[in-house]
Amino acid sequence: MGARQSCVGIQEYPSEADYEHFNLVAVPDEIFGFEKFLHVLLLNHNTIKDLPKALFNFTQLVRLDVSDNEIETLSCNIANLSHLEYLDISRNGIADIPDDIRNCRNLRRV
């Protein structure tokens with residue numbers, strides 16, 4: 001899963017998925033099913049326009065990097081990511097951050 005197979009290739013349930021510079025236009029379907037296991041999801045440097053609602057079911061995520069994409073809105077469902085510590089949404093077209101992000105109590109860096 002992802003560019004760096006060495007990180008997740010031998011694990012039955014990967015904790016990290018790296019799709020940096022994959023020329024993606026959407027979040028890859030293959031990550032769904034690992035909602036309870038992924039701690040790090042790197043989707044930066046792609047052309048993703050939308051974050052699907054199902055992405056906000058990844059309740060164990062600690063780090064989410066969607067920087068340098070074409071995302072214009074951040075769903076209020078971001079509040080579901082209660083373990084999130086690091087969120088990078090830079091270099092997108094996001095004008096407003098939803099107030100619900102306050103529910104991400106562990107968030108240290110946006």
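At 25% relative accessibility, Phe-32 counts as partly exposed. The model in which this residue is described is a predicted one. Phe-58, by contrast, is buried, with a relative accessible area of 0%. The rings of Phe-32 and Phe-58 form an edge-to-face aromatic pair, with 5.7 Å from centre to centre and 65° between the planes. This pair links distant parts of the chain, since Phe-32 belongs to the loop between β1 (16-18) and β2, whereas Phe-58 belongs to the loop between β2 and β3, 26 residues apart.

The structure contains three aromatic pairs in total. Another of them joins Tyr-19 and Phe-22, again edge-to-face, at 5.3 Å centre to centre and with 75° between the planes. Tyr-19 has a relative accessibility of 3% and therefore counts as buried, the limit for that class being under 20%. Phe-22 is partly exposed, its relative accessible area being 32%.

Charged side chains provide a second set of links, for the structure holds three salt bridges. In one of these, the side chains of Glu-70 and Lys-49 meet at 2.9 Å, N to O. Glu-70 lies in the loop between β3 (63-65) and β4 (86-88) and Lys-49 in the loop between β2 (40-42) and β3, so this salt bridge ties together parts of the chain that are 21 residues apart in sequence. Glu-70 itself is partly exposed, at 36% relative accessibility.

A further salt bridge is formed by the side chains of Arg-108 and Glu-85, with 3.4 Å from N to O. Here too distant parts of the chain are linked: Arg-108 is in the segment after β4 and Glu-85 in the loop between β3 and β4, 23 residues apart. Arg-108 counts as exposed at 69% relative accessibility, while Glu-85 is partly exposed at 30%. The salt bridge between Arg-102 and Asp-99 has its closest N and O atoms 3.5 Å apart, and both of these residues are exposed.

Asp-65, in strand β3, presents another situation. This residue is buried yet has no salt bridge. Its nearest side chain of opposite charge, that of Arg-63, is 4.0 Å away. Which residues, then, is Asp-65 in contact with, leaving aside its neighbours within four places in sequence? The contacts of Asp-65 are Leu-41, Leu-42, Leu-43, Asn-44, Tyr-86 and Asp-88. Of these residues, Leu-41 and Leu-42 fall within the range of β2 (40-42), and Tyr-86 and Asp-88 within that of β4 (86-88).

Methods. Residues are numbered from 1 along each chain as its sequence is written. This is a predicted model: local features need pLDDT of at least 70, side-chain atom pairs count only at pLDDT 80 or more; totals for chains, interfaces and linings use all residues. Side-chain values use heavy atoms; hydrogens and water are left out. Helices (H or I, at least four residues) and strands (E, at least two) are DSSP runs, numbered from the N terminus. Buried means under 20% relative accessible area, exposed over 50%, partly exposed in between (1.4 Å probe, protein chains only). Lys and Arg count as positive and Asp and Glu as negative; His and the chain ends are not counted. Contact means heavy atoms within 4.5 Å. Rings of Phe, Tyr and Trp (its six-membered ring) pair if their centres lie within 6.5 Å; planes under 30 degrees apart count as stacked, over 60 as edge-to-face and the rest as tilted.
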